[in-house]
Amino acid sequence: HVQLVESGGGLVQAGGSLRLSCAGTGSTSSINSMGWYRQAPGKQREFVASIMQGGITNHAASVKGRFTISRDSAKNTMYLQMNSLKPEDTAVYYCNARRPAVVGGSLIEYWGQGTQVTVSS
């Protein structure tokens, strides 16, 4: 059982920065990887960035060089530093966490409630 709560969204001008946070509670020690996804109105939810247990990160091509995913294990918190924001970054950003199933090789996913990011031109 894992609970994820995102925060840090808001309204920012193009070219500005925001830092999103995702606080995890519950069985956070079981989490294998975490990531950020986003969904704009009328669009499919898309992958933004992920960080694995060993600290290896991956970023979508659309945000590479602008967004950076990180984590603070002591605080059970994941971050998404967003720089050089563009209007097309406007979306609801969701925190995602995965852990191995107790039995079997499948993964169990958890999602936060989302935080709105709006970038004005």
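Begin with the nonpolar core of this predicted model: select Met34, Trp36, Leu80, Met82 and Tyr93, which have the most contacts inside the largest such core, a set of 28 residues. Next, colour the strands that each give two or more residues to this core: S1 (2-7), S3 (18-26), S4 (33-39), S5 (46-52), S7 (67-72), S8 (77-82), S9 (91-100) and S11 (115-120). Strand S9 supplies the largest share, four residues.

Now restrict the view to S1, S3, S8 and S7. In that order, these four strands form an open sheet with antiparallel pairing. S1 and S7 stand at its edges; each has a single partner strand, so one side of each lacks a neighbour in the sheet. From one strand to the next, the twist averages 15°.

Within the sheet, select S3 and S8, which run antiparallel and are joined by six bridges. Here Cys22 stands opposite Met78 of S8. Then move to S7 and S8, which also pair in the antiparallel sense, over six bridges. On this side, select Thr68, whose bridge partner in S8 is Gln81.

Follow S7 into its hairpin with S8, where four residues lie between the strands. Select Asn76, which takes a positive phi near 50°.

The last stop is Lys75, in the loop between S7 and S8. Is Lys75 buried or exposed? Its relative accessible area is 54%, so Lys75 counts as exposed, the cut-off being over 50%. To finish, display the C-alpha atoms of Lys75 and Glu6: they are separated by 14 Å, while the two residues are 69 residues apart along the chain.

How values were computed. Residues are numbered from 1 along each chain as its sequence is written. This is a predicted model: local features need pLDDT of at least 70, side-chain atom pairs count only at pLDDT 80 or more; totals for chains, interfaces and linings use all residues. Side-chain values use heavy atoms; hydrogens and water are left out. A nonpolar core is a set of buried Ala, Val, Leu, Ile, Met, Phe, Trp, Tyr and Cys residues joined through side-chain atoms within 4.5 Å. Buried means under 20% relative accessible area, exposed over 50%, partly exposed in between (1.4 Å probe, protein chains only). Two strands pair if DSSP finds at least two bridges between them. Axes are lines fitted to C-alpha atoms, for helices over the stretch in contact, and angles run from 0 to 180 degrees between N-to-C directions.
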